[in-house]
Protein chains: 2
Amino acid sequence: MEPLTKRQAEILALIRKFQAESGRPPTRAEICEAFGFSSPNAAEEHLRTLARKGAIEMIPGLSRGIRVLKTQRGVDAAEPGLPVVGRVAAGSPILAEENVEERYQVDARLFSPRADYLLRVRGHSMRDAGILNGDLLAVHRAAEAASGQIVVARLDNDVTVKRFQRRGHTVRLLPENPDFEPIEVDLRNEPFAIEGIGVGVIRTKPR
Amino acid sequence: MEPLTKRQAEILALIRKFQAESGRPPTRAEICEAFGFSSPNAAEEHLRTLARKGAIEMIPGLSRGIRVLKTQRGVDAAEPGLPVVGRVAAGSPILAEENVEERYQVDARLFSPRADYLLRVRGHSMRDAGILNGDLLAVHRAAEAASGQIVVARLDNDVTVKRFQRRGHTVRLLPENPDFEPIEVDLRNEPFAIEGIGVGVIRTKPR
DNA sequence: GCCAATACTGTATATCTAACCAGGCTTCGG
DNA sequence: CCGAAGCCTGGTTAGATATACAGTATTGGC
């Protein structure tokens, strides 16, 4: 989605708020009233811009034919449920909008510590820890971890799930499957960061 | 809320569905289209009746000025969340109150088919299917199952989770762990019933 | 300096929408 | 048998709404 100006973001926020409170999208006139515009064209132009930038969809001819396209919002907004993160684009923050597939309505407090998001796991390297290909790993955001914990780690633009082990300057990322090899990272000259700690698993399809 | 006729309940259901899918309430004309009415008055009268009976609110003069008042709590939308079943008392129905430990706020529609309850799994017999001791198995209530599905089965007052296999009069309950032995049941002279089908897993503690 | 984009005012209009009127058909209780 | 309520057709209209066109002013990049 193209970046929005401050004013455009305000308009988008109003559309969201209006819809959440009243159950219907606003008309041009209602947007004008909220912002003090005296011409419906002011609202119309903002809507067109938002549509062009991909923030909303406009259905021609329909009253209140506005759809907010992306549920957007990262961690801060108190939206119910947890964002599901699929493939993580190289270099982008893990909760960047482009990585969020959808939201699942799951109580974050089920997990302890609290889950911040769900990461869709690819591959079989954690099979013996009961984490299968396609599973959702409930992740608590953290930059530190204790040895033995299952972590979401970022190394050189690759995000992976492994069991964490640290000895001095060396970090070992251990798979839970004898078919895979441990990864060794020298913290002095290789990029490494912990994105979070695995606090649970959700599998929505039986195996 | 006064009781609704069958037709009125259908109209109300459509309003809910329309709003959930499009983000806006329907117009009279859109209701007509959905039901095949040829006059907007048919929709108008239904809306008035629904408003009189307290099911919806109508805001005069506004396009799409319909608000569904109660989230309804009938058969379909009972208590939110899923009941967690722990140890199942001998002979009692699996969802009997005495077996329900608590309720977890999880969207039942995450799973397909829909989950009806969560069963806390004891033991390691399904380890290689990624179902560990202490995990919650999301269960869809069913009395039948296809071979190869993971089922919750009741045999002689014992409830167990295994992979289901049937050949004529014989049912085999297969563990997913070489340390355990398959269970064979002769349907002609041994008690056996399927309680449900496993449709997912939730693990609230990392391993 | 100039063009494009943003951010509005002001006006106009075709059409969408809510809302009303008149009437037909059926069911059900008194 | 009657009246009321549910359920619908057909048609009408005031006003709500989307959308186009003509301007003005400001800002930032080239």
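Visitor: Which residues of H3(A) are buried?
Guide: In this predicted model, local features need pLDDT of at least 70 and side-chain atom pairs 80 or more, totals for chains, interfaces and linings use all residues, and side-chain values use heavy atoms without hydrogens or water. Residues are numbered from 1 along each chain as its sequence is written, with chains lettered from A and ligands numbered from 1 in the order written. On H3(A), the buried residues (under 20% relative accessible area, 1.4 Å probe, protein chains only) are Ala43(A), Glu44(A), His46(A), Leu47(A), Thr49(A) and Leu50(A).

Visitor: What covers the buried residues of H3(A)?
Guide: Cover is judged by contact, heavy atoms within 4.5 Å. Helices (H or I, at least four residues) and strands (E, at least two) are DSSP runs. In chain A the cover includes helix H1 (6-22), helix H2 (28-35), strand S1 (56-58) and strand S2 (66-68).

Visitor: Which element gives the most to the surface near DNA strand D?
Guide: Near means a heavy atom within 4 Å. H3 of chain A and, in chain B, helix H1 (6-22) and helix H3 (40-52) each supply at least two residues there. Six residues, the most, come from H3(B).

Visitor: Which residue has a polar side-chain atom 2.6 Å from a base nitrogen of DNA strand D?
Guide: Sugar and phosphate make up 71% of the atoms of DNA strand D within 4 Å of the protein, and Arg7(B) places a polar side-chain atom 3.0 Å from a phosphate oxygen. Ser39(B) instead has a polar side-chain atom 2.7 Å from a base nitrogen. The residue with the 2.6 Å distance to a base nitrogen is Glu45(B).

Note on methods:
Buried means under 20% relative accessible area, exposed over 50%, partly exposed in between (1.4 Å probe, protein chains only). A polar contact is a pair of N or O atoms within 3.5 Å; within protein, one must be able to donate a hydrogen and the other to accept it, and residues adjacent in sequence count only if both atoms are side-chain atoms.
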